[in-house]
Amino acid sequence: MNGVGSSTPRRVISRQEENVVASTELEHRPGTGVAQVDPRDEPSAEWGWHGTFPKGRQLAGWIVAIILLGMLNGPHESNIENYILVLTALTIMAGLLWDLRRQRSPWRH
């Protein structure tokens, strides 16, 4: 990967060096206290996008759950389709509620 826009020189390993292993030392970078993302670690940081869409994920999940429950009104031969739709919608809603709780807790993992 070409380090476009990166100012950190890269080490070139010659063929004479053998048994090269990674160092266990941490690289301390001077900064302003705000976590900086290295484009070599996260290529998407070079063009400005980095992160997730928690509001979009919540909105899409609730819309899908409502659509699934709306599909209960249909020409079903038996109730097994209804059970599957309700179970799927409840599973999505439980996941969305868990995600909301996880986002608001101070112990984010």
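**Two helices and the residues between them**

Arg102 is placed in helix 2. The model described here is predicted. Arg102 is partly exposed, because its relative accessible area is 29% and partly exposed residues fall between 20% and 50%. Its side chain makes a polar contact with the side chain of Asp99, at 2.7 Å. Asp99 is itself among the buried residues of helix 2.

Asp99 also has a polar partner in helix 1. The side chain of Gln58 makes a polar contact with the side chain of Asp99, at 3.0 Å. Gln58 belongs to helix 1, which covers residues 54–70. Gln58 counts as buried because its relative accessibility is 9%, and the cut-off for burial is under 20%. Beyond its neighbours within four places in sequence, Gln58 contacts Leu96, Asp99 and Leu100. Two of these names, Leu96 and Asp99, appear in the list of buried residues of helix 2. The side chain of Asp99 thus makes polar contacts with the side chains of Gln58 and Arg102.

The overall fold can now be set out. The protein chain has 2 helices and 0 strands. Buried residues make up 11% of its 109 residues. The chain exposes about 10,000 Å². Carbon and sulfur atoms supply 61% of that area. Among contacts with a separation of 6 or more, 47% join residues 24 or more positions apart.

Helix 2 runs through residues 80–104 and holds 25 residues. At 1.5 Å a residue, helix 2 should span 36 Å. Its end C-alpha atoms are 36 Å apart, so the expected span and the model agree. The buried residues of helix 2 are Asn82, Leu85, Ala89, Met93, Leu96 and Asp99. Helix 1 is included in what covers them.

Nonpolar packing comes next. The largest nonpolar core has 5 residues: Ala65, Leu68, Leu85, Ala89 and Met93. Helix 1 and helix 2 each supply at least two residues of this core. The largest share, 3 residues, comes from helix 2. In soluble globular proteins, nonpolar side chains tend to be buried together. One member of the core, Leu85, is in contact with Leu68, Met71, Leu72 and His76, leaving aside neighbours within four places in sequence. Leu68 is listed in the core as well.

Asn82 is another buried residue with a place in helix 2. Asn82 is buried because its relative accessible area is 17%, and buried means under 20%. Not counting residues up to four places away in sequence, Asn82 touches Leu72 and His76. Leu72 and His76 are also in contact with Leu85.

A database record adds a further view. The UniProt annotation "transmembrane region", from an unreviewed entry, covers residues 59–76 and 82–100. In the model, residues 59–76 are 67% helix and 0% strand. The end C-alpha atoms of residues 59–76 lie 28 Å apart. Residues 82–100 are 100% helix and 0% strand. Their end C-alpha atoms are 27 Å apart.

Terms used. Residues numbered from 1 in each chain as written. Predicted model: local features only at pLDDT ≥ 70, side-chain atom pairs only at ≥ 80, totals over all residues. Heavy atoms only, no water. Helix = DSSP H or I, 4+ residues; strand = E, 2+ residues; numbered from the N terminus. Buried < 20%, exposed > 50% of the residue type's maximum accessible area, 1.4 Å probe, protein only. Contact = heavy atoms within 4.5 Å. Areas by Shrake-Rupley, 256 points an atom, 1.4 Å probe, with all protein chains shown as cover. Polar contact = N/O pair within 3.5 Å; in protein donor to acceptor, adjacent residues only side chain to side chain. Expected span 1.5 Å × (residues − 1). Core = buried A, V, L, I, M, F, W, Y, C linked by side-chain atoms within 4.5 Å. UniProt positions renumbered as here; feature names shortened; annotations may be inferred.
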